[in-house]
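These are my notebook entries on a single chain. I set down what I looked up, entry by entry.

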Amino acid sequence: QLQVVESGGGWVQVGGSLRLSCAGSGFDLDSWAIGWFRQAPGKDREGISSISTRHDSTWYSDSVSGRFSIFADSAKNTVYLQMNSLQVEDSAVYYCAVGYGGPLADEYVYWGKGTRVTVSS
């Protein structure tokens with residue numbers, strides 16, 4: 001059964017760091033792309049990063065480029081999102097998803113339930 005589960009969210013002060021995990025099961029990371037999305041209260045879901053190990057490619061939104069990095073540990077079938085220099089506007093529920101890649105939510109077909117990140121001063 002194909003499944004992804006996020007973890008690593010929590011509370012952090014402005015300027016701090018968190019590392020989110022997306023643990024996959026029931027599929028091969030080389031067969032699918034993994035995307036990270038976030039949704040803040042009252043805002044649309046925003047694609048922020050994705051990775052394709054098959055194509056050795058990554059993508060970042062302008063909002064997080066230079067601060068966040070995505071990487072995969074194939075042995076653990078897990079994708080990570082390292083978040084640095086966090087700002088209040090980064091506060092959101094973060095989701096990982098399995099799909100065809102890129103920045104659009106419609107390209108992903110399996111979703112985790114999310115993990116909440118709260119950044120405060």
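**Entry 1. Nonpolar surface.** I began at the surface, where Y100, V109 and Y110 make a nonpolar patch of about 330 Å². I note here that the model is a predicted one. Y100 belongs to the loop between β9 and β10 (108-111). With a relative accessible area of 60%, Y100 is exposed; I call Y100 exposed because the cut-off for that word is over 50%.

**Entry 2. Salt bridges.** How many salt bridges does a search of the whole structure find? I recorded 3.

I took R38 as the starting point. R38 pairs with E46, and the closest N and O atoms of that salt bridge are 2.9 Å apart. E46 is partly exposed at a relative accessible area of 24%, whereas R38 is buried at 6%.

R38 also meets D90 in a salt bridge, with 2.9 Å from N to O. This pair links distant parts of the chain: R38 sits in strand β4 (residues 33-39) and D90 in the loop between β8 (78-83) and β9 (92-99), 52 residues apart. I found both D90 and R38 to be buried.

D90 has a salt bridge with R67 as well, and there the closest N and O atoms are 2.8 Å apart. R67 is in the loop between β6 (57-60) and β7 (68-73) and D90 in the loop between β8 and β9, so this salt bridge ties together parts of the chain 23 residues apart in sequence. Is R67 buried or exposed? I entered R67 as buried, because its relative accessible area is 19% and the limit for buried is under 20%. For D90 the relative accessible area is 0%, which is also buried. Through shared partners, the salt bridges join R38, E46, R67 and D90 into one network.

**Entry 3. Surroundings of R67.** I then listed what R67 touches beyond its neighbours within four places in sequence. The contacts are Q82, M83, N84, S85, L86, Q87 and D90.

**Entry 4. Nonpolar core.** Which residues have the most contacts inside the largest nonpolar core? I noted I34, W36, F68, V79, L81, M83 and Y94, in a core of 26 residues. At least two core residues come from each of β3 (18-25), β4, β5 (46-52), β7, β8, β9 and β11 (115-120). Strand β9 gives the most, with 4 residues.

I looked up Y94 separately. Not counting residues up to four places away in sequence, Y94 touches E6, L20, W36, F37, R38, I48, F68, L81, M83, G114, T115 and V117. R38, one of the residues on that list, is also a member of the salt-bridge network.

**Entry 5. Y60.** Y60 lies in strand β6 and is partly exposed, with a relative accessible area of 24%. Which residues does Y60 contact, leaving aside its neighbours within four places in sequence? I wrote down I48, S49, S65, F68, S69 and I70. For I70 I have a further detail: its backbone nitrogen lies 2.8 Å from a polar atom of the Y60 side chain. I also checked Y60 against V117; their C-alpha atoms are separated by 18 Å, and the two residues are 57 residues apart along the chain.

**Entry 6. The loop between β8 and β9.** I returned to this loop for two residues, E89 and S85. E89 is found there and counts as exposed at 57% relative accessibility. E89 and A40 are 49 residues apart in sequence, while the distance from C-alpha to C-alpha is 8.6 Å.

S85 has its place in the loop between β8 and β9 and counts as partly exposed at 36% relative accessibility. Its phi is near 50°, a positive value in a residue other than glycine. S85 is also among the contacts of R67.

**Entry 7. Positive phi at D56.** Where does D56 lie? I placed D56 in the loop between β5 and β6. D56 is not a glycine, yet has a positive phi of about 50°. At 72% relative accessibility, D56 counts as exposed.

Notes:
Residues numbered from 1 in each chain as written. Predicted model: local features only at pLDDT ≥ 70, side-chain atom pairs only at ≥ 80, totals over all residues. Heavy atoms only, no water. Salt bridge = Lys/Arg side-chain N within 4 Å of Asp/Glu carboxyl O. Buried < 20%, exposed > 50% of the residue type's maximum accessible area, 1.4 Å probe, protein only. Core = buried A, V, L, I, M, F, W, Y, C linked by side-chain atoms within 4.5 Å. Contact = heavy atoms within 4.5 Å. Patch = residues over 30% accessible without salt bridge, like charges linked within 9 Å, V, L, I, M, F, W, Y side chains within 5 Å. Areas by Shrake-Rupley, 256 points an atom, 1.4 Å probe, with all protein chains shown as cover. Polar contact = N/O pair within 3.5 Å; in protein donor to acceptor, adjacent residues only side chain to side chain.
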